[in-house]
Amino acid sequence: MKKRGLFLILILTMMFTISAAAANFTDVRADDYFADAVDWAVQNNITSGTSATTFSPHDTCTRAQIITLIWRAAGSPAPVEDILIRDIFAANYYCDAVRWARETSIFDDLYFYPTIDCTRQMAADFLWRAAGAPPADGQGFPDANDDAVKWAVAKGITSGTSNTTFSPDLTCSRAQIMTFLYRAFQADALNMPNLKPLVKNPVSETSGNIQIRGIPVQTLFGMTPEHILQTFGEPAYQYADSSMDYGLNGPNDLGFEFSSANTVTSCHAYAEYVTIDGKSLTQPFAAIVEILGEAYDNQGGAMYSWAAVWDYGDFKIKVEFPYTENEPAYTVSISKK
């Protein structure tokens, strides 16, 4: 398949947008250092706040809360074994989370002490164990030199409170814990494939249910090259600056372009793999008009093709057709407006 229209576009500037959590929680502003982490956690159903309008970012995080957040990030798996933990009871909201954590060796005691405040050392240790307790070669501190802290620093999850101190006994706020968890995800340090990247500007419902190979485009936009790799496998070819352009001649018949921030800005696919509200776009021009409305632009294509462009909700959709009369569309490109 031709590579036409698939070359990587590097966007040099990004428009400032207000994050979803900042809009939903009155105590989280868009310019707070933890705003993206909270947005991401809300989008991934890791938290819904302390109420419908508050996140309480500066409240101290307990051991029960951090374990619950990690458990939800892992997909809220049901514990398999009936392990005795002497201070955990079935009525506790964190019961399954703590039992799962015990099964997976995130902690290994008969008591969990759920209401104790979570410290920086505890947070590093829980996340490190959730990642499988990998060996760590990073830099430690005189007051904290264990593998968990070295790993957390090496992964960019947290750093010291000074050049020479980690302050392991300082308690953590909800904002800090959410930020640690988000940074661990960004560093690909957790084996939790169910997690999705932050969508900075979620599309509105007016955009319809557009899917490419069964995946909503709302999910694809905002993905990093690493998450595209996890979802679709190796690309047929790559283009410039280690960003990836998945060619239509590849095993997945998909193309992606990435911004300078390394997130998807446009998608390309054969028409047969694109549906809108369940309707395939492998149809002639007149039938696609019935789905998308009147095209606002017709463009010349290559020697044997032409293209039409639609504004559809939050998206711009370009559909390419053969010159042959009444032939169905064969490629589709989707980008945000």
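The structure holds 15 aromatic pairs. One of them joins W40 and Y182. The geometry is tilted, with 40° between the planes and 5.1 Å centre to centre. This pair links distant parts of the chain. W40 belongs to helix 2, Y182 to helix 7 (residues 174-186), and 142 residues separate them. Both partners are buried. A second example is formed by F285 and W310. It is likewise described as tilted, at 5.9 Å centre to centre and 40° between the planes. Here too the pair links distant parts of the chain. F285 lies in helix 10 (residues 285-292) and W310 in strand 8 (residues 305-312), 25 residues apart. The two rings differ in burial: F285 has 27% relative accessibility and therefore counts as partly exposed, whereas W310, at 0%, counts as buried. Ring pairs extend this arrangement into a cluster of F285, W306, W310 and F321.

The model is predicted. It contains 10 helices and 10 strands. Of the 337 residues in the protein, 45% are buried. Long-range contacts were also counted. Among contacts between residues at least 6 apart in sequence, 55% join residues at least 24 apart.

Helix 2 spans residues 35-43. Its buried residues are A35, A37, V38, D39, W40 and A41. W40 is thus listed among the buried residues of this helix and is also the ring that pairs with Y182 of helix 7. After helix 2 comes N45, which has a positive phi, near 60°.

Another tryptophan, W71, lies in helix 3 (residues 63-73). Its relative accessibility is 12%; because the cut-off for burial is under 20%, W71 counts as buried. Beyond residues up to four places away in sequence, W71 touches S76, P77, D96, A97 and W100. The contact with P77 includes a polar approach: the W71 side chain reaches the backbone oxygen of P77 at 2.8 Å. W100 is 29 residues from W71 in sequence. In space, the C-alpha atoms of W71 and W100 are 7.5 Å apart.

Charged side chains also meet aromatic rings. R174 lies over the face of F55, 4.4 Å from the ring centre. R213 places its charged end over the ring of Y273. In that case the distance to the ring centre is 4.0 Å.

Internal voids were examined next. The structure holds 1 cavity of 30 Å³ or more. The largest cavity has a volume of about 40 Å³. Its lining consists of R120, A123, A124, L127, W151, A152, I157, T158 and F180. Helix 5 (120-130) and helix 6 (147-154) each supply at least two of the lining residues. Helix 5 gives the most, with 4 residues. An α-helix has 3.6 residues a turn, so residues three or four places apart point the same way. The lining includes R120, A123, A124 and L127, and residues 120-130 make up helix 5. The aromatic residues W151 and F180 also take part in the lining.

How values were computed
Residues are numbered from 1 along each chain as its sequence is written. This is a predicted model: local features need pLDDT of at least 70, side-chain atom pairs count only at pLDDT 80 or more; totals for chains, interfaces and linings use all residues. Side-chain values use heavy atoms; hydrogens and water are left out. Buried means under 20% relative accessible area, exposed over 50%, partly exposed in between (1.4 Å probe, protein chains only). Contact means heavy atoms within 4.5 Å. A polar contact is a pair of N or O atoms within 3.5 Å; within protein, one must be able to donate a hydrogen and the other to accept it, and residues adjacent in sequence count only if both atoms are side-chain atoms. Rings of Phe, Tyr and Trp (its six-membered ring) pair if their centres lie within 6.5 Å; planes under 30 degrees apart count as stacked, over 60 as edge-to-face and the rest as tilted. A charge sits over a ring if NZ of Lys or CZ of Arg is within 6 Å of the ring centre and within 35 degrees of the ring normal. On a 1 Å grid over the protein atoms alone, a cavity is a set of points where a 1.4 Å probe fits but cannot get out, and a pocket is an open set with protein on both sides within 12 Å along at least five of seven lines; lining residues have an atom within 4 Å of a point. Grid points are joined across faces, edges and corners, and a volume is the space filled by probe spheres set on the points.
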